[in-house]
Amino acid sequence: LGISPEAASKGLRALAQAGLDTRSALETLPAAFKLATVGEMALEEAALAATGVMNAYGLKVRDLERIGDVMAKAGAMSAASVSSIAVSMKYAAGTAEQYGVELEKLGAVLTLLGKRGITGSSAGVAANNLIAEVYSPSSEKAIKAQAALGVKAYVNGVRQSLDESIDSIKQGLSKFDAQSQGKLLEDMFGKKGGKGFYAIAKATK
C-alpha cells in the first residue's frame with residue numbers, strides 16, 4: 001500500500017477509537033489510505049472522517065470505499081477540499097441519515113454549496129439545517145414559512161425526497177419578490193441555512 005509503519009499505526013489507532021476491531025481496522029486501511037492520498041490528508045484524519053460517516057449512516061466496513069469516493073467526488077467538483085468535505089459530512093451525516101437522504105445526495109448538496117464558496121463547518125451546518133427544517137420545522141416561524149410556500153415534505157404520510165422538497169420550495173418562492181424570498185428562507189432555515197438553500201437554488205436552476 002505504501003503506508004509507512006508510523007502512519008499505519010496512527011491510522012489503526014484512530015480506527016480502534018472509532019470502534020473497529022483489529023480485523024475490521026486492517027480491512028479499512030486500504031480505503032482510508034486511498035482517501036488520504038486523493039484528499040491530501042493524513043491517514044489518521046481520513047480514517048476518522050470515513051468511519052464517522054460510516055457510523056452516522058449505519059454502514060459497514062465494506063462501504064468505506066464508497067464513502068471515500070463520495071467525498072473525493074464532492075471535493076473534485078466543487079471549490080472545497082476533500083478535508084473540508086469531510087468536516088461538512090461530520091455536521092450533516094447524522095441528520096441526513098435520519099431523514100432518508102442518501103450519502104450520494106448529501107455529497108451532491110455539499111458540492112453545490114462548495115461551488116458557491118460555502119465549505120467546511122459552514123456547509124455542514126447549512127446542509128444539516130436545510131434537511132432538518134424541511135422535514136421537521138423547529139419553530140412557529142418555520143412552520144408558517146412552509147405553509148406560505150405550500151411546501152409539503154410529507155404527502156399522505158409518505159416522506160418526499162429531498163429533491164422533491166427543494167423543488168416545491170423553489171416553486172413556492174417564485175411567487176414572491178426577492179426581499180420576501182430572503183425573509184421566508186431565513187424564517188425556515190435560519191441565516192446560514194437560508195444562504196445555503198439560496199446557493200443550492202441558484203446552482204440548480
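Ser-174 is exposed in this predicted model, because its relative accessibility of 58% lies above the 50% cut-off. The residue sits in the loop that joins helix H9 (162–173) to helix H10 (178–203). A polar atom of the Ser-174 side chain lies 2.5 Å from the backbone oxygen of Gln-171. Ser-174 also has a C-alpha separation of 9.1 Å from Leu-149, a residue 25 places away along the chain.

**Helix H8 and its surroundings**

Leu-149 belongs to helix H8 (residues 140–149), where it is buried together with Ala-142, Ala-145 and Gln-146. These residues lie on the same side of H8, because the arc they cover around the axis is only 100 degrees. An α-helix has 3.6 residues a turn, so residues three or four places apart point the same way. The other side of H8 carries the exposed residues Glu-140, Lys-144 and Ala-147. Helix H7 (120–135), H9 and H10 are among the elements that cover the buried residues of H8. Just after H8, Gly-150 adopts a positive phi of about 75 degrees.

**The nonpolar core**

The largest nonpolar core contains 63 residues. Which of these touch the most other members? They are Met-71, Met-89, Leu-106, Leu-113, Ile-169 and Phe-197. For Ile-169, contacts beyond four places in sequence are made with Val-134, Leu-149, Val-151, Leu-185, Met-188, Phe-189 and Phe-197. Leu-149 thus appears both among the contacts of Ile-169 and among the buried residues of H8.

**A buried serine in helix H5**

Ser-88 is placed in helix H5. This serine is buried, because its relative accessible area of 1% falls under the 20% cut-off. Beyond its neighbours within four places in sequence, Ser-88 is in contact with Leu-110, Thr-119, Gly-120, Ala-123 and Gly-124.

**Aromatic pairs**

A pair of aromatic rings is described by the distance of the centres and the angle of the planes. The structure holds three aromatic pairs. In one of them, Tyr-99 and Tyr-135 are stacked, with 5.4 Å centre to centre and 15 degrees between the planes. Tyr-99 is in the loop between helix H5 (82–98) and helix H6 (103–115), while Tyr-135 is in helix H7, so this pair ties together parts 36 residues apart in sequence. Tyr-99 is buried, with a relative accessible area of 12%, and Tyr-135 is likewise buried, at 6% relative accessibility.

Tyr-135 also pairs with Tyr-154 in an edge-to-face arrangement, with 6.1 Å centre to centre and 70 degrees between the planes. Because Tyr-135 lies in helix H7 and Tyr-154 in strand S1 (residues 154–155), the pair ties together parts 19 residues apart in sequence. Tyr-154 is partly exposed, at 38% relative accessibility. Through these ring pairs, Tyr-99, Tyr-135 and Tyr-154 are linked into a cluster.

**Positive phi outside glycine**

Most residues other than glycine have a negative phi, and most peptide bonds are trans. Two residues with a positive phi are listed below.

| Residue | Phi | Location | Relative accessibility |
|---|---|---|---|
| Glu-40 | about 55 degrees | loop between helix H2 (22–39) and helix H3 (43–57) | 75% |
| Asn-156 | near 55 degrees | loop between S1 and strand S2 (158–159) | 79% |

Neither Glu-40 nor Asn-156 is a glycine. Glu-40 counts as exposed, and Asn-156 is exposed as well.

**Confidence of the prediction**

The protein averages a pLDDT of 89, and 98% of the residues score at least 70. Where is confidence lowest, and where is it highest? The lowest mean, 81, is found in helix H1 (residues 5–17), and the highest, 95, in H5. H5 is also the helix that holds Ser-88. Where pLDDT is low, the predicted coordinates should not be read in detail.

Notes. Residues are numbered from 1 along each chain as its sequence is written. This is a predicted model: local features need pLDDT of at least 70, side-chain atom pairs count only at pLDDT 80 or more; totals for chains, interfaces and linings use all residues. Side-chain values use heavy atoms; hydrogens and water are left out. Helices (H or I, at least four residues) and strands (E, at least two) are DSSP runs, numbered from the N terminus. Buried means under 20% relative accessible area, exposed over 50%, partly exposed in between (1.4 Å probe, protein chains only). A polar contact is a pair of N or O atoms within 3.5 Å; within protein, one must be able to donate a hydrogen and the other to accept it, and residues adjacent in sequence count only if both atoms are side-chain atoms. A nonpolar core is a set of buried Ala, Val, Leu, Ile, Met, Phe, Trp, Tyr and Cys residues joined through side-chain atoms within 4.5 Å. Contact means heavy atoms within 4.5 Å. The arc is that of the directions from the helix axis to the C-beta atoms. Rings of Phe, Tyr and Trp (its six-membered ring) pair if their centres lie within 6.5 Å; planes under 30 degrees apart count as stacked, over 60 as edge-to-face and the rest as tilted. pLDDT is the predictor's confidence in each residue, from 0 to 100.
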